[in-house]
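Let us walk through this model from its overall fold to a few individual residues. The account starts with the order of the elements and ends with the backbone and the cysteines.

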Amino acid sequence: MNDKTFLDELNKTSNAFNEAMKEIENQEEAWWNSLTEDERINAFCCVSRRIYQGDVKEKRSFRGILYDICQFGPEA
């Protein structure tokens, strides 16, 4: 594979990734906008509390907060 072909393929991959990320963002925004104001406040408070717990109180890394505090797996 020559440099131009490699760069073209890399560009296609980058574009596909960016499109997928935009689609996820659109889905997340649609979900957020479907919530009532009380539900948005509750979601914000829950996430903020978990970040505060992990970052300030327990001094965990971002991944530590994601895995241990929020109980997400590596897919997050």
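Read from the N terminus, the elements of the chain follow the order α-α-α, and the count for this predicted model is three helices and zero strands. The radius of gyration of the chain is 18 Å, whereas the globule rule gives 11 Å for 76 residues, so the chain is more spread out than a compact globule. Along the principal axes, the C-alpha atoms fill a box of roughly 50 × 35 × 15 Å.

The accessibility values can be read beside these dimensions. Of the 76 residues in the chain, 9% are buried, a class that requires a relative accessible area under 20%. The chain exposes about 6600 Å², and carbon and sulfur atoms supply 56% of that area.

The helices can now be taken in turn, beginning with helix H1, which covers residues 3-34 and contains Leu10. Leu10 belongs, together with Met1, Phe6 and Leu7, to a nonpolar patch on the surface, and the accessible area of these residues together is about 470 Å². Leu10 itself has a relative accessible area of 47% and is therefore classed as partly exposed, since the exposed class begins only over 50%.

Helix H2 spans residues 37-57, and its length can be checked against its geometry. With 21 residues at 1.5 Å a residue, H2 should span 30 Å, and because its end C-alpha atoms are 28 Å apart, the expected and the computed values agree.

After H2 comes Lys59, whose phi is positive, near 55 degrees, although Lys59 is not a glycine. Lys59 is placed in the loop that lies between H2 and helix H3, the latter covering 62-69, and with a relative accessible area of 66% this lysine is exposed. A positive phi also occurs in Gln71, where the value is near 60 degrees and the residue is again other than glycine. Gln71 sits in the segment after H3, and at 67% relative accessibility Gln71 counts as exposed.

The cysteines remain to be considered. How many disulfides does the structure hold? The number is zero, and the distances show why for Cys45: its sulfur is 7.2 Å from the closest cysteine sulfur, in Cys46, which is too far for a bond, given that a disulfide requires the two sulfur atoms to be within 2.5 Å. Cys46 is likewise in no disulfide, the nearest cysteine sulfur being that of Cys45, 7.2 Å away.

Are these two cysteines buried, exposed or in between? Cys45 has a relative accessibility of 36% and so counts as partly exposed, while Cys46, at 30% relative accessibility, also counts as partly exposed. Both values fall in the interval between the buried limit of 20% and the exposed limit of 50%, and the class therefore follows directly from the percentages. Cys46 is located in helix H2, and its C-alpha atom is separated by 9.8 Å from that of Cys70, a residue 24 positions apart from Cys46 along the chain.

Technical notes. Residues are numbered from 1 along each chain as its sequence is written. This is a predicted model: local features need pLDDT of at least 70, side-chain atom pairs count only at pLDDT 80 or more; totals for chains, interfaces and linings use all residues. Side-chain values use heavy atoms; hydrogens and water are left out. Buried means under 20% relative accessible area, exposed over 50%, partly exposed in between (1.4 Å probe, protein chains only). Helices (H or I, at least four residues) and strands (E, at least two) are DSSP runs, numbered from the N terminus. Patches are made of residues with over 30% relative accessible area and no salt bridge: like charges are joined within 9 Å, nonpolar side chains (Val, Leu, Ile, Met, Phe, Trp, Tyr) within 5 Å. Accessible areas come from the Shrake-Rupley method with a 1.4 Å probe; for residues, only the protein chains shown count as cover. A salt bridge is a side-chain nitrogen of Lys or Arg within 4 Å of a carboxyl oxygen of Asp or Glu. The radius of gyration is taken over C-alpha atoms; the globule rule is 2.2 Å times the number of residues to the power 0.38. The expected span of a helix is 1.5 Å times one less than its number of residues.
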